[in-house]
Structure formats: structure tokens, C-alpha cells
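Ready to poke around a structure with a few warm-up exercises? Have a look first, then try each task before reading its solution.

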Amino acid sequence: MEAVINDYISRELVQDATLLPLGNATPLLETGILDSLSLLRLVMFIQEQFGIAVDDLDLVPAHFASVDTICAYLRSGAGGKAGQAGGLG
Amino acid sequence: MAYLLQHLLTESAGRAPGRPAMASGERFLSYEELDRLSNQVARALLAQGVAPGDRVGILALKSAASVVAVFGALKTGACYVPLDPKSPAGRLAAIMTDSGIAVVLADEGTAQQAAAMAESVPQLRSLIVTGPHWGPEVSRTSGTLPPGLVVVPWDAVLAGPAEALAADRAIDTDLAYILYTSGSTGAPKGVMISHRASLAFVEWAAACTSLGDQDRVCSPAPLHFDLSVFDVFATCRAAACMAVVPEMTSMFPARLAQWMERERISIWYSVPSVLTMLVTYGNLRGFDLSALRAIIFAGEVFPAKHLSGLMAELPGARYLNWYGPTETNVCTWYEVPPGSAALTAPVPIGQPCANTDAFAVTDEGRRVSEPGEEGELYVRGSALMRGYWGDPEKTHRMLVQNPFQAAYDEPAYRTGDLVKLDEEGNYVFLGRRDGMVKTRGYRVELGEVESALYGHPAIREAVVLPVPDELLGSRLRAVISANGPGGLTREEVLDHCRRRLPGYMVPDVVEFRKALPRTSTGKIDRAQLVGTQ
């Protein structure tokens with residue numbers, strides 16, 4: 001899972017080539033790799049790739065700080081299956 | 001009577017000096033402080049030789065420091081040019097060179113980046129650091145400063161007198177700011193807006209929203225996006241408070257909702273995609289957003305289902321659709337009737353703002369007047385741009401003689417937007433005539449992306465097409481044929497684009513073909529490519 005997410009972020013979201021290769025512990029927020037545009041794309045990718053709909057209250061900096069924290073969050077079983085996203089549900 | 005944007009500040013500081021002008025969490029800046037700090041910045045600019053009519057760059061994310069910079073620049077009689085810190089250096093250099101920026105204002109977070117620009121912008125001679133600095137601690141990596149660049153730290157600015165300058169240094173027809181937007185031939189173009197044009201919008205917007213001094217206004221739009229003219233200047237006019245949302249907060253919808261609750265935001269203005277994220281992921285039911293009395297959206301079509309969803313969650317707010325290109329700021333508007341819980345189509349762009357004339361012209365040159373008729377939207381009035389900086393040819397193509405008045409010279413702006421009149425007398429947006437699309441609320445000329453692609457030696461031909469996307473407006477699909485056999489990879493193409501274009505202009509999809517399909521006249525057949533997604 002780390003490899004899939006790292007690969008997606010490295011290929012699709014990283015604007016600054018000097019940040020590559022991307023470590024799984026590399027901070028994604030401070031470095032600006034994740035901003036409002038790319039976060040949205042990542043969430044959509046997670047939904048398409050893993051069938052996991054990220055829950056509203058789980059969309060927080062702590063979960064998206066790095067590839068490692070993203071995977072830890074996804075494995076923890078939080079978040080619903082695709083089609084049951086938070087909000088209006 | 002305020003005839004310059006900075007008068008809005010001096011008047012509010014005079015009558016409500018202690019009221020908060022800007023707030024971010026625990027910190028706030030009063031109107032008196034904003035007035036005094038901007039006086040100090042103005043003097044620092046004058047000491048660097050800034051004269052009326054000059055263009056002063058401001059490289060900063062939206063913050064208290066950047067608003068201090070805005071008013072400081074205006075007070076010298078110069079106009080400000082907002083520079084996007086997220087743009088690649090090459091694009092910033094092109095903008096700074098094009099507008100002749102010799103002095104740039106940056107905050108603690110962007111000072112390093114601004115200094116680095118001196119290498120590629122020879123006429124850049126001074127960098128002034130603006131404040132106050134409210135952000136997280138920035139590690140001051142000491143890079144070597146380019147020789148010859150004068151750097152004025154914030155402490156030095158604060159050491160100067162804080163009294164107002166003796167007299168105004170501009171008149172209302174002088175430029176207030178230049179906003180650079182995507183250019184179809186590859187180079188971004190600078191939309192010139194005078195004080196008078198800006199005030200025309202500000203006055204209308206304040207009246208439309210009944211902005212009062214108790215309001216707490218927030219727009220996440222960056223300074224180079226004309227949405228920010230509302231939250232900076234209309235808020236100032238009312239002596240209301242501008243709440244600055246930290247980017248880390250605005251990115252995470254539930255945190256944004258929590259922030260809006262805590263800050264008691266009363267007026268919100270943004271592109272629809274932020275609101276869609278809010279209604280989809282913001283857990284709105286968990287927060288008390290009853291202070292929010294007006295939600296304004298602009299910049300792209302708001303998908304009906306998400307707007308309905310938001311209205312169902314927050315029924316107590318007014319919902320306003322403001323439409324208009326950067327060249328005119330907002331020119332038409334529509335208030336969504338309350339209880340519109342089941343919208344099935346995007347809402348209209350509505351009717352002309354007070355003191356603005358917007359009309360549609362059919363292909364035959366007649367004025368659209370009956371429901372069902374379609375035409376291109378033209379705009380006439382004081383809020384129009386002066387033109388494009390350094391591009392009289394493009395200016396004359398877009399600012400034409402009013403087609404319905406021939407007695408004297410009078411400009412009307414051709415928006416390039418196709419509209420239709422509906423049964424209620426509202427204009428409905430139909431689409432564009434040309435290669436401009438909106439993605440995530442940003443304006444993108446497909447030609448600018450294509451031009452960047454053509455800059456790659458291995459790319460023989462390239463076409464960029466919009467792919468409609470419910471959330472983003474459009475995604476960008478690049479179809480490329482490469483020179484020679486050497487395997488050009490998708491990563492190479494994207495990397496090439498990222499060096500030249502801001503993130504939102506980098507294609508989402510890259511396809512390679514041996515050759516691009518052609519029409520019978522030999523032109524690239526875009527229609528066929530659209531059909532073969």
C-alpha cells in the first residue's frame with residue numbers, strides 16, 4: 001500500500017523534482033506537496049484505488065502528514081466503503 | 001469621499017481605529033495599526049525610489065502582511081502586481097519582467113523566493129520584507145543574496161515614521177493593480193484595473209451584501225485572483241473584519257468548517273469547488289455555522305446537486321452567484337431563491353449589477369432581448385479594465401467600440417462567453433467561444449498549456465483538450481505526438497510542464513499518438529480527439 005500511494009504522489013502530485021525520491025516519512029504538508037488541489041486528487045485516488053471513502057472527520061493533517069500516516073489511517077479501518085462518503089451520505 | 005482605494009483604509013481608521021481589520025486565530029490588526037503599518041511600508045518603498053505609476057510586486061500568500069503591503073504600495077501612487085508564490089520561477093520572472101517590477105514586497109515566508117528572482121529579473125533591485133509575520137516560524141535558511149539586490153528587513157520598515165504621507169500621489173483613473181491571467185499565446189497577460197474601476201465593484205459588492213462593521217469576511221482566494229478585491233477592499237470600506245484562513249485549515253474541509261464556526265464567519269466568498277468539498281467532506285452538521293449569512297461563489301459553474309446540498313445544510317444563508325471575468329470584475333449576479341432544495345441545472349449568472357451594463361450580441365449583431373435568444377456577453381461601465389499591460393493589440397481586440405452607440409468613443413468588453421436569456425430575464429451561461437477553460441475556478445487558456453508543451457524539443461505536436469469534470473470544472477488532457485523514436489515519457493512531459501506552469505495548468509492526462517488527426521483543411525481535428533476519449 002505504501003508503494004502504491006508513494007508512487008501516485010510522486011508521479012502525480014509532486015511539483016518540485018528536488019523532493020524526489022519521496023520517502024514514506026517525508027512531510028507532505030509542510031513541503032507543500034499536498035495542497036487543496038492535490039489533496040482532493042489524492043482522496044479521489046484512494047477512493048478509486050482502494051474503494052475507501054475517506055470520512056469527513058478523518059480528513060485532518062495528522063492522517064495526511066506522510067505516506068506512512070496515510071497508510072496507517074487507511075489500515076485502521078476508519079472510513080467507509082466507496083459510496084458511503086461522509087457529509088450528506 | 002473615497003476616490004482611491006487607500007482612502008477606504010484612512011477613512012475606516014479615522015472613524016473606527018480600534019476595530020479589527022484583519023484577524024487570524026488569536027491575533028488581529030486594528031484599522032489604526034493597518035493604517036500606520038502601511039504608511040511605514042509606503043515610506044520604505046519611497047526610499048527605494050518607487051514613484052507614482054510604478055509597478056510594485058507583492059509575492060506572498062494572503063495574510064496580514066500581504067494586505068499591509070497592498071495598502072503600502074497603493075499609498076505611494078504605484079500599482080501593485082500580486083505574484084503567486086506557487087508559480088514556477090520562470091513564469092514569475094516573465095510577469096515581473098513584463099510589468100517592469102523593480103521593487104518587490106515579500107513576507108517572511110516568501111522573502112527567499114523573492115530574492116532568488118533577482119537573478120532572472122535584471123531590473124529587480126530592491127526587496128522589502130513586509131509584516132506583521134503571523135505564520136509559523138520559518139526557518140531562515142540563509143541563502144546567498146544576489147549581489148546588488150537591496151534587502152530591507154521588516155525591522156527597518158518599522159523604524160520609519162508611521163504618519164500618513166502628506167498628499168495623495170494618484171488620481172482615480174490611475175492604475176491600482178495589475179492581475180496576470182493565462183494568455184492564449186503562452187505569455188500571461190496583465191489586466192490593468194484603475195482605482196475608479198475597482199471602487200465601482202467594491203461599492204456595488206458592499207451594497208449587494210449590506211456589508212457592515214460587524215461582519216467577518218473570509219475568502220481563501222489569493223491576491224492575484226480578483227475575488228480578493230472583495231474581502232480586502234469591501235471589508236475595509238465597511239470597517240469590518242477580514243479573517244485570514246490558514247492554508248492548512250482551508251485544505252481540510254472539516255477543519256475549515258470548525259474554523260468558520262470558531263471565527264464566526266458571516267460572509268464567505270470562494271470558488272464552488274471549495275464549497276463542494278465543504279458540503280461533501282465538511283461534516284457540516286457537526287458545527288454551528290449560524291453566523292454565516294451570505295455564501296458567495298464565482299469563477300466557475302457550481303454543480304446543481306452540490307449547491308442544493310449546501311443550501312439544505314445551511315438554509316439560513318443567502319446564496320449569491322457572482323459572474324464576471326477579471327477584465328470587468330463582477331458584472332452580473334443572481335441570488336438563488338431560498339428553499340431551492342432540488343436544483344437540476346446550474347443557476348443563471350443573472351442580471352447586470354447596478355451601474356453596469358451587460359448585454360448579449362447575437363451572431364447577426366443584434367441585441368439579445370427575447371427569452372431563448374443567445375449571444376456573446378458584452379460589458380460596459382466604470383468597472384472595466386484599462387486594457388492589457390503592454391499589449392495594445394490584444395486590448396483593442398477585446399475592448400471594442402460599444403456596438404450600439406456610434407456617436408463617441410466608448411469601450412465595451414467582449415467576454416467571449418456565450419449566454420442565453422431565460423424566461424425570467426436572467427442570463428444563463430452556455431459556454432466559451434474559444435480555448436479558455438476553467439479548472440478548479442482558475443482560468444486556463446488551452447493555448448498557454450500547448451505553448452508550454454511545444455517548448456519541449458521532443459514534442460512535435462500537442463493539443464490540450466478540456467475534459468468536463470463535475471467537481472473541478474474541467475480537467476486537462478494533453479494529446480501529443482513526439483519527434484523521433486526516443487521514448488518520451490509521461491513523467492518527462494509532466495516535469496517539463498511543472499517547470500513552466502502553475503499546478504492547475506499541468507495536464508491531468510497525457511496521451512501519446514503517432515500522429516494527431518487532421519481535418520480536411522489540415523488543421524488538428526480537436527473534435528475528433530474529443531470524441532475518442
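A residue counts as buried if 20 or more other C-beta atoms lie within 10 Å of its own. Keep in mind that this is a predicted model.

**Exercise 1.** Work out which residues of H11(B) are buried, and what covers them.

*Solution.* Start by going along the helix with that cut-off in hand. B:Pro272, B:Ser273, B:Val274, B:Leu275 and B:Thr276 are among the buried residues. Carry on, and B:Met277, B:Leu278, B:Val279, B:Thr280 and B:Tyr281 turn out to be buried as well. That makes ten of the ten residues of H11(B), so the helix is largely enclosed by the rest of the structure. Now look for the cover: it includes helix H2 (36-50) of chain A. From chain B, the cover includes H10, strand S12 (267-270), strand S13 (294-297) and helix H12 (304-313). Just past the helix, H11(B) is followed by B:Asn283, which has a positive phi, near 50°.

**Exercise 2.** Describe the side of chain B that touches chain A.

*Solution.* First, count: the contact takes 21 residues from chain B and 18 residues from chain A. Next, find the elements on the chain B side that give two or more residues: helices H9 (247-250), H10 (253-262), H11 (272-281) and H15 (490-500) of chain B. Which one gives the most? That's H11(B), with four residues. Last, sort the chain B side by type, and you get nine nonpolar, six polar and six charged residues.

**Exercise 3.** Find the largest nonpolar core and explore one of its residues, B:Ile58.

*Solution.* The largest core has 176 residues, and those with the most contacts inside it include B:Leu34, B:Val56, B:Ile58 and B:Ala73. Zoom in on B:Ile58 and skip its neighbours within four places in sequence: its contacts include B:Ala69, B:Val70, B:Tyr80, B:Leu105 and B:Leu223. Another core, of 23 residues, lies apart from the largest one, with B:Val444, B:Ala452, B:Val463 and B:Cys497 among its members.

**Exercise 4.** Sketch the open sheet with the order S25-S26-S27 in chain B.

*Solution.* Draw three strands with mixed pairing. Put S25 (459-469) and S27 (509-513) at the edges; each has a single partner strand, so one side of each is left without a neighbour in the sheet. Give your drawing some twist, which averages 25° from one strand to the next. Then join S25(B) to S26 (473-482) antiparallel, with ten bridges, and place B:Val463 opposite B:Val479. Finish by laying helix H14 (446-454) of chain B across S25 and S26, running at about 150° to S25(B).

Note on methods. Residues are numbered from 1 along each chain as its sequence is written. Chains are lettered from A and ligands numbered from 1 in the order in which they are written. This is a predicted model: local features need pLDDT of at least 70, side-chain atom pairs count only at pLDDT 80 or more; totals for chains, interfaces and linings use all residues. A nonpolar core is a set of buried Ala, Val, Leu, Ile, Met, Phe, Trp, Tyr and Cys residues joined through C-beta atoms within 7 Å. A residue is buried if 20 or more other C-beta atoms lie within 10 Å of its own, exposed if 12 or fewer, and partly exposed in between; C-beta atoms are placed from the backbone. Two residues are in contact if their C-beta atoms, placed from the backbone, lie within 7 Å. Two strands pair if DSSP finds at least two bridges between them. Axes are lines fitted to C-alpha atoms, for helices over the stretch in contact, and angles run from 0 to 180 degrees between N-to-C directions. Ala, Val, Leu, Ile, Met, Phe, Trp, Tyr, Cys and Pro count as nonpolar, Asp, Glu, Lys and Arg as charged, and the others, Gly among them, as polar.
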